[in-house]
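User: Could you take a close look at one part of this model, the packing of helices against one another, and walk me through it step by step? Please add whatever helps me to place that part within the chain.

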Amino acid sequence: MPDESFKNHGHGANIMAAADGTSPPVLFIVGTAGAGKSTLVTAFQRWARFLDIEALTINLDPGAERVHYDPEFDVRDIVSLSDVMDEYDLGPNGAQILAADLVAMQANEIQAELEGLSGDLMIIDTPGQVELFAFREASSHFVEVLGQDRAALIFLFDPMLSQSASGFVSQMLLSNIVHFRLGLPTANFLSKADLLEPEDLERVLEWGERLESLEAALYEEAGGQRTEFAIGQLRMMQQSQIQPGLIPLSSEREEGLADILSFAQNLFGGMADSKDGFASDIGSEIDGWND
Ligand SMILES: Nc1nc2c(ncn2[C@@H]2O[C@H](COP(=O)(O)OP(=O)(O)O)[C@@H](O)[C@H]2O)c(=O)[nH]1
Ligand SMILES: [Mg+2]
């Protein structure tokens with residue numbers, strides 16, 4: 001359950017609603033297959049409802065089997081993976097790729113359908129595999145049309161992959177590639193943090209904060225040329241300040257959801273509410289992480 005102190009402030013609904021009536025800011029949830037994207041969308045929408053914040057959701061994954069949130073738009077209504085397989089005589093992988101393109105080609109129609117929806121924030125679930133979203137030619141157009149200059153990325157790190165230094169660095173690089181490719185502000189979250197033992201969680205978070213500790217772990221694990229390469233890349237990221245650290249998240253325990261909200265508020269406004277205590281509530285939830 002969400003922290004009781006979040007409830008009943010009565011001003012939640014106005015947090016990010018644009019004064020000029022434009023559509024709400026958009027967060028695209030991205031990450032490798034199984035990273036927890038769809039579960040996060042479900043958890044965020046449910047959590048936001050308790051706070052009186054209206055989080056609109058969209059499913060862009062034509063291959064989703066089930067959707068547990070309540071989407072304003074579901075791409076499966078316009079593109080069905082099994083129809084694409086039949087019609088174009090494709091296997092599941094080819095069909096996923098074609099379906100992603102077919103969806104992106106309809107970006108303008110989708111945007112027209114969403115026009116006029118009011119809400120505080122729009123959360124977009126993306127296809128299982130990150131490359132289907134980030135690396136198809138049509139996707140930049142898609143992001144432009146749906147995001148309309150008020151969009152950001154939430155990149156989910158897989159907790160199991162993050163346990164090794166090389167797996168961690170690989171995801172850091174992937175996050176930066178997606179950030180570079182789509183050109184949107186990006187926040188990195190460590191998904192399913194509840195699955196990690198406290199000491200493992202602490203170690204992974206430390207890697208996100210202190211490059212030196214990650215370097216040491218990398219040398220220990222891989223050594224040699226591979227490590228030199230990775231460290232070169234990481235230093236470069238640090239210099240250009242694209243490595244924003246890693247925030248723990250658990251959809252299961254509803255932890256870290258407030259950090260997603262404050263990331264959006266910092267980018268798109270709404271922090272004016274802090275004077276009446278909303279932001280300090282969020283702060284206390286963040287502080288409470290290590291309890
Ligand atoms: N323990 C735990 N499991 C989670 C969490 N989030 C997602 N999962 C599980 O991870 C699996 C993949 O999640 P899903 O949301 O479908 O991943 P997606 O492919 O990125 O959309 C599912 O079995 C989820 O139940 C979490 O916060 N904690
Ligand atoms: Mg999914």
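Analyst: Helices H7 and H9 are oblique to each other, and this follows because their axes meet at an angle of about 125 degrees, which belongs neither to the range of 65 to 115 degrees that counts as roughly perpendicular nor to the angles over 145 that count as roughly antiparallel. The model is a predicted one, so each value here is computed from predicted coordinates. H7 covers residues 165–182, and its axis lies 8 Å from that of H9. On the H7 side the contact is made by Ala165, Ser166, Phe168 and Val169, while H9 contributes Leu214, Ala217, Leu218 and Glu221. Sorted by class, this contact has 6 nonpolar residues, 1 polar residue and 1 charged residue.

H9, which covers residues 211–221, also packs against helix H10, residues 224–239, with an angle of about 170 degrees and axes 10 Å apart. H9 and H10 are therefore roughly antiparallel to each other. Here Leu211, Leu214, Glu215, Leu218 and Tyr219 of H9 meet Thr227, Ala230, Ile231, Leu234 and Gln238 of H10, and the residues of this contact divide into 7 nonpolar, 2 polar and 1 charged. Leu214 and Leu218 of H9 thus take part in the contact with H10 and also in the contact with H7. As background to such spacings, an α-helix has 3.6 residues a turn, so residues three or four places apart point the same way.

A further helix pair can be set beside these two. Helix H2 (residues 81–88) and helix H3 (residues 92–105) have axes that come within 9 Å and cross at roughly 105 degrees, and that makes H2 roughly perpendicular to H3. Leu81, Val84, Met85 and Tyr88 of H2 form this contact together with Pro92, Ala95, Gln96, Leu98 and Ala99 of H3, and by class these residues comprise 8 nonpolar, 1 polar and no charged. Also within H3 is Ile97, which counts as partly exposed because it has 17 C-beta neighbours inside 10 Å. The C-alpha atom of Ile97 is 10.0 Å from that of Gln129, a residue 32 positions away along the chain.

Burial along a single helix can be followed in H6, which spans residues 139–147 and in which Ser139, Phe142, Val143, Leu146 and Gly147 are buried. Viewed down the helix axis, the buried residues of H6 fall within an arc of 105 degrees, so they line one face of the helix. After H6 comes Gln148, with a positive phi near 45 degrees.

To place these helices in the chain, its secondary structure comes to 12 helices and 7 strands, and 43% of its 291 residues count as buried. Among contacts between residues at least 6 apart in sequence, 76% join residues that are at least 24 apart.

Ligand 1 has 15 residues around it, of which Gly36, Lys37, Ser38, Thr39 and Glu252 come nearest. Helix H1, residues 37–50, supplies the largest share of this shell, with 3 residues. The shell divides by class into 3 nonpolar, 8 polar and 4 charged residues, whereas the contact of H7 with H9, described at the start, has 6 nonpolar, 1 polar and 1 charged.

How values were computed
Residues numbered from 1 in each chain as written. Chains lettered and ligands numbered in written order. Predicted model: local features only at pLDDT ≥ 70, side-chain atom pairs only at ≥ 80, totals over all residues. Near = placed C-beta within 6 Å. Helix = DSSP H or I, 4+ residues; strand = E, 2+ residues; numbered from the N terminus. Nonpolar A, V, L, I, M, F, W, Y, C, P; charged D, E, K, R; others polar. Axes fitted to C-alpha atoms, helices over the stretch in contact; angles between N-to-C directions. Parallel < 35°, antiparallel > 145°, perpendicular 65-115°, else oblique. Contact = placed C-beta atoms within 7 Å. Buried ≥ 20, exposed ≤ 12 C-beta atoms within 10 Å, placed from the backbone. Arc of directions from axis to C-beta.
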